Amino acid sequence: MKRFQDIAQYKKYFSSLIQKERKAEMEFHLNEIQLLSARQREAKGRAILTLTGRDAGTGIGGVYLVKLVRGSGLPDNEISNGDVVIISKEKPIGNEEQATVVSKTKRSITIAYNKVPPYLVFGRNLRLDLYSNDITFQRMLDAISSLEKLPKLQDFIKSNIDLFLEEQNLKTPINYTKVLNTKQELIVQKALNSNDIFLIHGPPGTGKTTTLSYLIKSFFKEDKKVLVTAPSNTAVDNILEKLQSLEVPSTRIGNPVRMDENLLNLSLDVQLQDHPDYQQANGIWNKIQLLKKEQEDYVPATGQNRRGLSDQKIIQLASSKKPYRGIQSGKLRKMAKWIKIQQDINKNFEEAQALQEAAIESILEKSAIICTTNSSAGSELLKDIIFDVVCIDEATQSTEPEALIPLVKGRKWILAGDHQQLPPTVKAKEASDLSISLFERFQAELPENRIDILTIQYRMHQDIMRFSNENFYQNQLKAHPSVAHHTLKDLPGFEPFPYINPAIEAVVQSSKPVVFIPCFEGKEEQLADSHSWFNREEIALTKEITDALLSSRLFPEDIGIISPYDQQVSRLKSTLKDYHVEIKSIDGFQGREKEVIIISLVRSNLEGNIGFLRDYRRLNVALTRAKRKLIIIGNPSTLQSNPVYKSFIENLQNQ
Ligand SMILES: Nc1ncnc2c1ncn2[C@@H]1O[C@H](COP(=O)(O)OP(=O)(O)OP(=O)(O)O)[C@@H](O)[C@H]1O
């Protein structure tokens, strides 16, 4: 594993990887711009169409500001302050001048150019495209820089092994016997008593998020201020939901449109609505709107109109009621009135802003537990807050610099994850080292007193768990008795029903929890403009199996269909569009579970080429989503060229 001499070396190493990834992200956006229509890209939240641009003066550092407005309001989008964007009339080609997002409202987005903006941006019907989520890269670099002020975290990051020898003591007893198993309880106790860092290794279904939420509850009881983060909004909501059920008061930071609507009451935005300072600020915003309306009756003291005169001079000349250098006295009066209203607006604006900031500050100060994504942990809102503890869930899906964004805000660190499941997504081949998470690096270095593994799983029948247990978890996992033998037949409502195809009927009704269906005749196919694969025969087979499951009275929401290839996923979705079953890529199913899972592996060739199925972490995630039945479709001749798949198929055949 990578070790670092000093923080300068660390900074150099990661800054270079971050820059490479940033470049790859820009290429990704350009590629997507070429592939998708403008509307499709807007639907993905990465473009905004039909904007009108106008000059908004200059900003700090002499940048040129342009305000882009859409009267009907901006659509939901993932574009944030600090992101790099490009403006075009139709389809951008990539050589457009780049600008940075400065602020956003419901109807407008203001961007800054370093040079005089291209003339085009002051027109109508403009298209804005996200070019890079620069803010996250910037926050990563800032986090690395702030390590200089955090000697202890720095020591861990440099893997200073002397630290690891420090003994931890388990002084604080806890009592969660009724709700956690012995190992989960012990892990809560160890993490609670750790002086610095603790890793919770949670294989599939072992209650990693559950254990983490009881740990957070314990921190809360000890009056600690805790920052809880995860790489995605879904993962943040997942833990927040558990915290809510444990009655741990928490505040969620982030854009409400990307949150689970059942948790919206915990969002900062919703909490703000009830705050008296915020309500007062809203009153002032309304007043500002009225003042702006009133201002429209007068002459704006801008550009050409004022001919270089200061505000004070215009007011003075207006009261003298005489024309000045060709400006009529009436016009001077109207400009003076406009200036006075503007001064009033500015004063109110400052007051409203101060009240709003005070309201935010008071809510965040009172919130013991704050939940947000890793990236948003670096937002301005949390700039001055230091947390007693930072907890990251799904930490094995965060790159190291991304995990640092929340970690540098705390003085004690808890990371929960499973490095045997999917690693962080990295776009640049040259930055592939970023796919080793900090959790994975620590796991290789930390001694037993800083890490523990959860071993009882509450999801899978023991046969479904077996292969992953042997190959990825050294047989440490045990299926809890409540799930170890559960099958489809025990599921309320399940009623085996004859199906027209006896072979399919046998698959659905067999008592075996894991079934492999060979599909020798399936052909793998690829479209000319895509790297992804599909397999029509496997789609037909998946459809038949789903039909048979549904005719045996299984609910659609109990069935999940997984395929590693996007093309196969989208074709399955259109074939089964009225079935209401969930169909996703493996990555989309991490952290999820279903009573029955059908996996379509797609690859079928004479060369034994299995593409990215070679990544066993992907296989591990796919195999560990089903509770009662796992049905795998694939071409055994192709798959058996790989020793892991070979042993998997042989094991099943021998059962
Ligand atoms: N001690 C326990 N007793 C009973 N059920 C439990 C216990 N711990 C966890 N569970 C249940 O096991 C399931 C999985 O828990 P959880 O979501 O916390 O696991 P996870 O390890 O985070 O899962 P994943 O592998 O999806 O990341 C949940 O339904 C949870 O309620």
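The following paragraphs describe the overall architecture, the ligand site, one pocket and two backbone features of a predicted model.

The protein chain comprises 655 residues, of which 53% are buried. Its secondary structure consists of 24 helices and 20 strands. The C-alpha trace extends over about 105 × 60 × 50 Å along its principal axes.

The ligand is surrounded by 18 residues, among which Gln184, Lys208, Thr209, Thr210 and Arg459 come nearest. By class, this shell contains 8 polar, 5 nonpolar and 5 charged residues. Helix α7, spanning residues 208–221, supplies the largest share of the shell, with 3 residues. Polar contacts to the ligand involve both backbone and side-chain atoms of the protein. A nitrogen atom of the ligand lies 2.8 Å from an N or O atom in the side chain of glutamine 184. At valine 179, the partner is instead a polar backbone atom, at 3.3 Å from a nitrogen atom of the ligand. An oxygen atom of the ligand is also engaged, at a distance of 2.8 Å from a polar side-chain atom of threonine 209. On its own, the ligand has 640 Å² of accessible area, and the protein covers 75% of this area.

The second largest pocket encloses about 160 Å³ of space. Its lining is formed by Val63, Asn81, Gly82, Thr100, Val101, Val102, Ala112, Asn114 and Glu380. Strand β4, which runs from residue 98 to residue 104, makes the largest contribution to this lining, with 3 residues. The lining residues of the second largest pocket are divided into 4 nonpolar, 4 polar and 1 charged.

Two residues were examined for their backbone conformation. In general, most residues other than glycine have a negative phi. Lysine 321, although not a glycine, adopts a positive phi of about 60°. This lysine is located in the loop that connects α12 (311–320) and α13 (329–366). Because its relative accessibility is 60%, and the threshold for exposure is over 50%, lysine 321 is classed as exposed. Valine 602 is likewise not a glycine and has a positive phi, of about 75°. The loop between β19 (594–600) and α22 (616–623) contains valine 602. With a relative accessibility of 0%, valine 602 falls under the 20% limit and therefore counts as buried. Positive phi values are thus found at an exposed lysine and at a buried valine.

Terms used
Residues are numbered from 1 along each chain as its sequence is written. This is a predicted model: local features need pLDDT of at least 70, side-chain atom pairs count only at pLDDT 80 or more; totals for chains, interfaces and linings use all residues. Side-chain values use heavy atoms; hydrogens and water are left out. On a 1 Å grid over the protein atoms alone, a cavity is a set of points where a 1.4 Å probe fits but cannot get out, and a pocket is an open set with protein on both sides within 12 Å along at least five of seven lines; lining residues have an atom within 4 Å of a point. Grid points are joined across faces, edges and corners, and a volume is the space filled by probe spheres set on the points. Helices (H or I, at least four residues) and strands (E, at least two) are DSSP runs, numbered from the N terminus. Ala, Val, Leu, Ile, Met, Phe, Trp, Tyr, Cys and Pro count as nonpolar, Asp, Glu, Lys and Arg as charged, and the others, Gly among them, as polar. A residue is near a molecule or strand if one of its heavy atoms lies within 4 Å of it. A polar contact is a pair of N or O atoms within 3.5 Å; within protein, one must be able to donate a hydrogen and the other to accept it, and residues adjacent in sequence count only if both atoms are side-chain atoms. Accessible areas come from the Shrake-Rupley method with a 1.4 Å probe; for residues, only the protein chains shown count as cover. Buried means under 20% relative accessible area, exposed over 50%, partly exposed in between (1.4 Å probe, protein chains only).
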